[in-house]
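Colleague: Hi! Could you walk me through the pockets in this one?
Modeller: Happy to, here it is.

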Amino acid sequence: MKNKLGVLFAAFEAVPFIKTGGLGDVAGSLPPALQAAGYEVRVMLPKFSAIPEQYRTRMTHVADFQMPLAWRNLYCGIEQLVYNGVTWYFIDNEYYFRRERAYGYFDDGERIAFFSKAVVESLQYLPDFRCDILHCNDWHTALSPIFLREFYRGQPVYDRVKTVLTVHNLKFQGQMSDFVLGDILGFSSDSGAGQSLRSDSSSINFMKGGLLYSDALTTVSPTYAQEIKTPYFGERLEGIFQWREGSLRGILNGIDTTAYDPAGDKALPARYSPADLGGKAVCKAAVQKELGLREDPDAPLVIMIGRLTEQKGLDLLRWGLEELLARGIQLAVLGTGDEAYEQMLVGYALASSGRMSAQVRFDDALARRMYAGADLLLMPSRFEPCGLTQMIAMRYGTLPVVRETGGLKDSVLPYERWGEDATGFSFPDYDARQMTDTVLRAAELYRTRPEVFRKLRKNAMTQDFSWNSAAQRYGELYASLCPEAASS
């Protein structure tokens, strides 16, 4: 039966312990969904000093050992915590993980190599757990399948393990100096691992090696799985995805539909549901006041929430912003990112006379109030492997305006093609004119056909973006890799 399969889910971040991006949301939500579907799931993270004390004090010691990493022998401890019905393991080494944040240090290559090796080494020390599937995530654990096959071959506890590598964002690959290959990873240049990791004559690529060594590859939406086989989206690795097409699947992420629920969200000034949308107008008035916008129920309120980077379409917004504000649209932005975009948005907001607000920070409670109070969410991304923001917005009855790429294309049913069965709006090309016209059409629908806009809100709110579907698809993948274990 499928519940006999043991899955170790390895990631460098996960809510509620530590989060820097969407990977943290996925790693915190998918394992409980897999556990609920009947799999024996454990999760492994670094034991960062930034993990809140309320979790650190509840951890119990499982094991410790000395682990070789090239010429080094390093202390490695394993701590355990049961949270949300799932057993979590934390790899302990204060030299590497007693840091204020997860990433951004000069020795990230060494820290991540240590964690990737520790994930594999730990499999022999985990009590009452048999690992059938090692599920790795992004470049931070892409080395684990390589270490598994190169250093642990022939040992029964390891030979049965099948590996899955999920690409959350191909833009980040872990490209390191060639020095790392031998001095930190312990591979020679002419070995199979050395050749697989080779990026060019002077550098290596953690992600590239993991893509070649893993038994199966997944990414976080069906459309992105197709896009990364092309040069535009493939980040110089499109040839590998083309070659491994038969092992590649695109599985759309989900969101925590219990945490994101306007009928029960305590951060909101009023609660509402698809059956009773009255509270959304209260939320709009409250967030307009909170953000210093004119309190006008007839003004379409558009929000952007997330990283302020070129990937997220800030160049398109730069060109369309003045026209949108001149046409009576209110805009509220929440997030941090590139300094040039931050300054641009703050400058426009200061000169907007209550038509625009720029909050250069991140505040989860404010984000929820913005989701609840807004009419439209703008996501004009250049590329978007999956995106969770559009799913959260729809959960709160805020209709996305998105570019047709990656998970945005897979999760939003555009009014332009679906009519009154739609859940949002979309435009095909990375083009400022298309973006601006689409936002204006959505705003016009809000103003002139409120009954249709209301129906679209309800459509969006009743979409199933829970993790159940994704958990089922991952389970099918696991079973295909371990048919004997799945049927035992």
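Modeller: Let me start with the second largest pocket, which holds about 620 Å³ of space. A pocket is an open set of points on a 1 Å grid over the protein atoms alone, where a 1.4 Å probe fits, with protein on both sides within 12 Å along at least five of seven lines. The volume is the space filled by probe spheres set on the points, joined across faces, edges and corners.
Colleague: Which residues are closest to its centre?
Modeller: G28, S29, N84, D256 and A259, out of 26 that line the second largest pocket; lining means having an atom within 4 Å of a point.
Colleague: And which elements give two or more residues to that lining?
Modeller: Helix 1 and helix 16, with the largest share, six residues, from helix 1. Helices are DSSP runs of H or I, at least four residues, and strands are E runs of at least two, numbered from the N terminus.
Colleague: Before we move on, what kind of model is this?
Modeller: This is a predicted model, where local features need pLDDT of at least 70 and side-chain atom pairs pLDDT 80 or more, while totals for chains, interfaces and linings use all residues. Residues are numbered from 1 along each chain, and side-chain values use heavy atoms, without hydrogens and water.
Colleague: Nice. How much space lies in the largest pocket?
Modeller: About 1,300 Å³. Its lining has 47 residues, with T20, G21, G22, R307 and K312 nearest the centre.
Colleague: Which helix gives the most there?
Modeller: Helix 1, with four residues. Strand 13 (301-305) and helix 17 (389-395) are among the elements supplying at least two.
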